[in-house]
Amino acid sequence: HSDRILPYNQLAKRTIGEIKARDEGDTLFIGLEGAYRDELLGRDGHMLMKRIDGTNWKPVPDEFSQDPVNGHDIYTTIDINLQDVAQQALKSQLEQQKAARGCAILMEVETGHVKAIVNLERAGDSNYYELRNMALGRRSEPGSTFKLASLMVALDDGKVRITDTVNAVGKYHFYDATLKDSRSWGYGKIPISRAFEVSSNVIAKIIDENYKTNPQQFVDGLKDIGLHKKLGIEIIGEKQPLIKNANQSDWSGISLPWMAIGYELEITPLQTLAFYNAVANDGKLVKPQFVREIRDGDKVVQKFETEVLNPQICKQSTLKDVQKMLKGVVQNGTAKNIRPRGFDIAGKTGTARKAAKGGYGDEYTVFFAGIAPVSDPKIAMVIFVDEPQEDDYYGGQVAAPVFAKVAAETLRLLNVKPDQKQSLAANNSKKGKANG
């Protein structure tokens with residue numbers, strides 16, 4: 001009889017994983033233990049034996065004899081201190097919001113190393129546990145965090161510039177459907193960069209007007225980034241992104257504007273994170289990694305190098321523009337309530353109404369995806385909270401504060417020195433409540 005001991009209890013439990021036999025007779029290969037089961041198990045040896053007398057046996061050398069091989073050790077990328085910080089911050093917010101579930105993933109920009117991954121779900125006893133790996137196995141509509149990808153495509157195609165003026169009237173009509181801004185009276189005539197900062201749905205109108213005659217060009221732009229592909233994570237269960245083509249039977253007149261703001265398509269939190277990490281990583285999309293190396297005692301058997309999935313997701317000019325807009329969201333947009341002292345962080349809030357029978361219901365999923373520090377990005381992070389129950393259900397109020405708390409502690413633990421100018425600016429500015 002053997003017992004499984006978890007020295008860190010729930011910390012990254014689902015990602016560490018296990019090999020689990022089920023009553024139905026099949027076996028579940030969960031997390032890293034399931035993915036690297038062959039390396040961890042090693043190999044049994046076998047040898048032909050000849051009985052001499054009674055209970056005495058003598059080995060008989062033959063070509064089929066095989067020596068046993070010890071199992072190897074895998075060394076993960078997860079930092080237990082950062083994992084603890086992320087878990088505490090997310091759990092606290094889930095409890096406060098009485099949310100159904102939530103996820104937080106922290107990634108090192110240059111290497112793609114996942115430093116923390118938290119998946120918490122409320123159980124019947126109202127406590128939160130690591131029950132499923134939602135980070136890579138749960139697809140959902142990403143909402144406004146996807147506006148970054150939409151504008152990236154339009155900027156790359158030369159359709160718009162971030163200085164172009166748009167009329168954000170607050171309501172946008174597409175056939176018999178209407179999209180509204182969180183500020184019902186709108187924002188008036190503003191540059192596209194400001195529309196992004198306040199998360200105005202005028203972005204749906206921008207994309208619709210520029211791609212209406214050739215919607216597949218927009219879809220192809222998303223594919224050029226790599227958003228339609230799996231990341232190729234070794235852990236079993238990564239979901240394929242759902243991004244439809246314009247010739248599909250379920251494509252309608254509102255598909256293009258709805259996709260522009262993160263509806264009628266689905267991706268996982270980890271896929272969203274990889275995209276935002278690429279924006280931080282000078283346009284280089286790298287595969288998120290969970291394992292640094294495999295060892296046999298002190299000997300390194302295999303070392304995992306950073307894997308580049310797309311060397312350049314967009315033009316350099318586009319990259320500079322979107323980085324500027326992401327910074328603006330935190331400086332004076334929907335996430336200005338988390339403006340930090342000393343660090344220039346950037347990101348995008350998202351609030352997606354959840355699909356229900358016959359349309360969309362009254363439940364929300366909220367997101368914040370961001371990078372820090374902007375001047376020399378070290379970390380990228382995505383936070384998602386599903387079905388928050390309090391009145392302030394916007395991403396800026398629910399998900400962004402978790403990002404701020406984890407980012408500040410992470411940068412401190414990584415010995416990233418605060419920028420004194422940033423610190424002074426933050427102290428001298430007034431906090432304002434986000435509205436989107």
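A polar contact is a pair of N or O atoms within 3.5 Å; within protein, one atom must be able to donate a hydrogen and the other to accept it. That criterion applies at the opening stop of this tour, which runs through a predicted model.

**Stop 1: Glu130**

Select Glu130, in the loop between strand E8 (128-129) and helix H5 (134-137). Its side chain reaches the backbone nitrogen of Arg14 at 3.1 Å. A polar atom of the same side chain of Glu130 lies 2.9 Å from the backbone nitrogen of Asn119. Which side chain of opposite charge is nearest to Glu130? It is that of Arg14, 7.0 Å away; Glu130 is buried yet has no salt bridge. To display the surroundings, add the residues in contact with Glu130 beyond its neighbours within four places in sequence, among them Gln10, Ala12, Lys13, Thr15, Gln87, Ile117 and Val118.

**Stop 2: Glu121 and Arg132**

Next, select Glu121 and Arg132, whose side chains meet in a salt bridge with an N to O distance of 2.6 Å. Glu121 belongs to strand E7 (residues 114-122), while Arg132 sits in the loop between E8 and H5; the pair, eleven residues apart, links distant parts of the chain. Glu121 counts as buried because its relative accessibility is 8%. Arg132, by contrast, has a relative accessible area of 41% and is therefore partly exposed.

Extend the selection to Arg101, Arg138, Asp386 and Glu387: salt bridges that share partners join these residues with Glu121 and Arg132 into one network. The structure as a whole holds 18 salt bridges.

**Stop 3: Lys244 and Glu264**

Move to Lys244 and Glu264, which form a salt bridge with their closest N and O atoms 2.6 Å apart. Glu264 lies in the loop between helix H10 (255-260) and helix H11 (269-280), and Lys244 in the loop between helix H9 (215-225) and H10, so the pair ties together parts that are 20 residues apart in sequence. Lys244 counts as buried, at 11% relative accessibility.

**Stop 4: Glu293 and Lys303**

Now select Lys303 and Glu293, a salt bridge in which the closest N and O atoms are 3.8 Å apart. Lys303 is in strand E15 (residues 299-303) and Glu293 in strand E14 (residues 291-296), ten residues apart. Is each partner buried or exposed? Lys303 is exposed, with a relative accessible area of 54%, whereas Glu293 is buried at 5% relative accessibility.

**Stop 5: backbone geometry**

Most residues other than glycine have a negative phi, and most peptide bonds are trans. Three sites merit selection in that context.

- Ala372 to Pro373: this peptide bond is cis, with omega near -25 degrees. Pro373 is in the loop between strand E18 (359-372) and strand E19 (379-386).
- Lys98: its phi is positive, near 50 degrees. Lys98 lies in the loop between helix H4 (80-97) and strand E6 (101-108) and is partly exposed at 48% relative accessibility.
- Ser199: its phi is also positive, near 60 degrees. Ser199 is in the loop between helix H7 (192-197) and helix H8 (202-211) and is buried, with a relative accessible area of 11%.

**Stop 6: a nonpolar surface patch**

Finally, show the surface and select Ile19, Phe29, Leu41 and Ile236. These residues form a nonpolar patch with about 360 Å² of accessible area together. Ile19 is placed in strand E1 (residues 18-21), and its 32% relative accessibility makes it partly exposed.

Definitions and conventions
Residues are numbered from 1 along each chain as its sequence is written. This is a predicted model: local features need pLDDT of at least 70, side-chain atom pairs count only at pLDDT 80 or more; totals for chains, interfaces and linings use all residues. Side-chain values use heavy atoms; hydrogens and water are left out. Patches are made of residues with over 30% relative accessible area and no salt bridge: like charges are joined within 9 Å, nonpolar side chains (Val, Leu, Ile, Met, Phe, Trp, Tyr) within 5 Å. Accessible areas come from the Shrake-Rupley method with a 1.4 Å probe; for residues, only the protein chains shown count as cover. A salt bridge is a side-chain nitrogen of Lys or Arg within 4 Å of a carboxyl oxygen of Asp or Glu. Helices (H or I, at least four residues) and strands (E, at least two) are DSSP runs, numbered from the N terminus. Buried means under 20% relative accessible area, exposed over 50%, partly exposed in between (1.4 Å probe, protein chains only). Lys and Arg count as positive and Asp and Glu as negative; His and the chain ends are not counted. Contact means heavy atoms within 4.5 Å.
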